[in-house]
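Please look through the model shown here, with a view to its chains, one of its helices and the surface where two chains meet.

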Amino acid sequence: MSIDLSIVLSGEFGQWLLRGFLLSIELTLVTLVLAFPLATFVALLRLSPWKPLQGLGFAYVEGIRNIPLLAHLMFWYFGATQLLPEGTRTWLYEHDAESICAVVALTLYTAAFMAEDIRSGIRSIPTAQFEAARALGFGYLRSMRLVVLPQAVRITVPPLISQTLSLWKNTSIATVIGTAELMYQAQRVETATFRGAETFAVTTVAYLAVSGVITLLGVLYQRRYPVRAA
Amino acid sequence: MIDFRNVSKFYGSFRALNDVTETIARGEVVVVCGPSGSGKSTLIRTINRLEPIDSGQILLNGEDIHRPGLDVDRFRSGIGFVFQQFNLFPHLSVLDNCTLAPMKVRRLSETEARERALALLDRVGLADKAHAFPAQLSGGQQQRVAIARALAMEPPLMLFDEPTSALDPEMVSEVLLVIRDLAHHGQTLVCVTHEMGFAREVADRIFFMDEGKILERATPEDFFERPQHPRTKQFLSDLRSPFARSV
Amino acid sequence: MIELIHNYWLYFLIGQYPDGPLGGLVLTLLLGAAALGLALPLGVVLGLARTSAHRAIRWPVTALVYVVRGTPLLMVIFWAYFFLPAVTGHQTSQFTTMLAALVVFNGAYLAEIVRAGIQGIPRGQSECARALGLSYWQTMRAVILPQALRNMLPSLVAQFVTTLKETSLGYIIGLSEVSFIAGQINAQVLTQPVQVYTTLALTYFVLCFGLSQIVLEKRGARSVVTR
């Protein structure tokens with residue numbers, strides 16, 4: 001049994017893998033864009049001085065984080081879609097329901113983890129900074145925006161990059177609901193060609209390549225913007 | 001017993017030890033003093049190879065301690081070292097701290113190790129704390145346990161690296177008394193310290209170090225009454241200032 | 001909903017046992033515990049290698065850890081699924097496949113936790129042990145590792161919670177852990193997907209949240225889930 005990468009890399013199969021790879025990247029980017037604001041919002045909820053809001057944030061974070069991504073995906077794709085009115089559901093199925101459900105599940109899941117990283121980052125800024133801002137007359141939100149968050153950014157970016165890495169790997173789980181991302185395509189190619197070793201080797205390299213880029217970005221960021229003590 | 005021959009050591013471009021040559025005899029009590037950064041801690045740490053040297057030789061009982069094929073662990077087990085930060089093992093009781101090395105390295109049985117440990121703890125005045133944990137002891141007590149722990153290996157040579165510098169003032173004497181007791185029993189001892197009163201009373205010789213060199217070595221009497229080197233004189237006069245606590 | 005629970009609770013809990021292999025929630029727990037139990041020694045070995053003074057040991061292990069951590073778990077599972085039979089010579093069950101994948105994957109993550117734990121012990125501790133004449137291995141076993149493992153406990157619990165969540169990926173290779181069972185139930189009932197999957201979600205929540213709270217009660221931190 002010889003190893004022949006060309007079967008897997010060229011022609012139809014190469015196209016499948018490429019499309020899958022691009023969709024994985026797309027899923028990652030779209031999720032990031034949606035999850036980050038959501039995560040910041042949840043983090044601020046948990047940090048707010050009002051107990052009910054704190055509780056809401058806590059419930060979101062713990063509720064989402066303690067459930068595996070697979071269960072989230074299955075819930076949104078098999079469960080939640082059935083709750084939609086007939087018309088919306090049909091529209092959804094005609095417009096790549098798998099990817100949409102994947103993005104919904106991934107966004108909620110990733111945001112829960114990012115919220116905690118953002119919250120830790122903000123909490124690491126001494127309260128004295130926030131108090132000084134309030135003493136100058138700024139309200140809660142403006143104090144956050146002008147004084148605390150800019151300082152928290154440097155501390156928060158490395159863990160967020162780490163979450164991005166996790167997100168990139170998590171896109172592979174969307175295959176269970178039929179999202180045609182890289183892992184799904186890899187399975188398709190393997191079934192069609194019986195070339196398991198080559199297919200998975202190429203797929204692994206693809207994942208590692210992007211993982212490497214993300215990790216590198218993290219290292220470069222930390223080198224360029226090291227955390228400065230107050 | 002210990003021979004330094006042209007020993008030099010660098011940290012990058014900083015010269016920590018500068019061509020040191022000296023001999024310490026068996027049974028001698030030597031106190032090493034000097035300003036911070038003078039190399040006194042480095043010197044003592046090279047004796048049991050906690051620090052490597054860059055040039056020169058160190059001989060223990062005539063044998064090069066850096067010779068290839070030397071069993072470093074066995075070599076170290078013959079030298080007792082007491083650290084400034086005590087370094088007791090927090091997850092073990094006082095007794096277990098003292099029996100660990102004898103059992104693992106000297107292969108003593110548990111009974112023998114315990115007997116020896118309890119005798120030593122008694123000697124440093126802490127037999128009643130045998131089953132306590134380090135976190136429950138004061139700094140002075142911890143350091144005395146550290147001394148007992150080192151003694152449990154029955155080392156011919158004991159090294160002390162600023163044993164009282166991390167202690168609150170009221171606990172310094174309880175530790176110095178233990179070290180003095182060892183000196184009076186003929187233990188070969190090298191002690192790095194700022195406690196000049198202790199040096200005067202207990203040392204056979206005092207070494208003054210600065211910038212990696214031993215600038216003066218003398219008996220306590222000669223050292224305090226007739227210092228030769230200008231920097232020694234400077235050091236001693238700084239010590240006699242109204243705010244200095246020793247001498 | 002009540003009827004749903006009434007009909008399927010046992011199936012959900014233990015799968016087809018005793019008429020078939022053990023499944024359901026019990027299988028999830030067993031798999032998780034076995035995976036972590038085996039991954040921990042592996043993690044300690046790899047973590048020690050990562051802190052080794054010898055480059056010949058440190059570099060390959062570092063490379064291995066980075067490769068495993070940069071790959072999705074699903075990929076590792078597929079590797080195991082397709083190649084374990086070839087390597088071992090016989091058919092490997094889904095349980096064994098999943099177990100192997102989880103042990104390797106979590107071993108690499110634990111390696112980092114162990115490494116951080118070891119490097120978090122003050123240098124004075126190992127210096128002192130070596131000064132007493134203890135060898136490197138004696139120092140690790142008697143002085144460094146006991147303290148490091150104790151400090152690592154919250155991270156270890158977090159890792160167990162993560163491992164329990166990871167068992168859900170057994171679904172993809174047909175292992176009858178609790179997510180797979182939920183899928184089966186849904187396929188039989190057809191009309192109550194929301195209820196089925198909400199129950200699944202709740203089960204994981206109670207399990208994972210409950211576990212992290214029990215351990216953290218003692219340490220005052222709020223939560224432990226990180227991946």
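**A helix, a loop and a contact**

In chain C, helix H9 is followed by C:Leu190, whose phi is positive, near 65°; helices here are DSSP runs of H or I with at least four residues, and strands are runs of E with at least two, numbered from the N terminus. This is a predicted model, in which local features need pLDDT of at least 70 and side-chain atom pairs count only at pLDDT 80 or more, whereas totals for chains, interfaces and linings use all residues. Residues are numbered from 1 along each chain as its sequence is written, chains are lettered from A and ligands numbered from 1 in the order in which they are written, and side-chain values use heavy atoms, with hydrogens and water left out.

At the N-terminal end of H9(C), C:Glu177 acts as a cap, with a side-chain oxygen 2.9 Å from the backbone nitrogen of C:Ser179. The helix has 12 residues (178–189) and should span 16 Å at 1.5 Å a residue, which agrees with the 16 Å between its end C-alpha atoms; the expected span is 1.5 Å times one less than the number of residues. Its buried residues are C:Val178, C:Ser179, C:Ile181, C:Ala182, C:Gly183, C:Ile185, C:Asn186 and C:Val189, where buried means under 20% relative accessible area, exposed over 50%, and partly exposed in between (1.4 Å probe, protein chains only).

One of these buried residues, C:Ile181, is also touched by C:Gly15, which in addition contacts C:Leu10, C:Gly23 and C:Gly24, not counting residues up to four places away in sequence; contact means heavy atoms within 4.5 Å. C:Gly15 lies in the loop between helix H1 (2–14) and helix H2 (24–50) of chain C, and is buried, with a relative accessible area of 8%.

Turning to chain B, we find nine helices and 10 strands, and buried residues make up 57% of its 247 residues. A compact globule with 247 residues would have a radius of gyration near 18 Å, and chain B agrees, with 18 Å; the radius is taken over C-alpha atoms, and the globule rule is 2.2 Å times the number of residues to the power 0.38.

Chain B and chain C bury about 1,700 Å² between them, 60% of it on carbon and sulfur atoms, buried area being the accessible area (1.4 Å probe) that two parts lose on being put together, summed over both. In chain B, B:Asp73, B:Phe89 and B:His91 lose the most area to chain C, together 32% of what that side buries. The contact takes 21 residues from chain B and 19 residues from chain C.

Terms used: A polar contact is a pair of N or O atoms within 3.5 Å; within protein, one must be able to donate a hydrogen and the other to accept it, and residues adjacent in sequence count only if both atoms are side-chain atoms.
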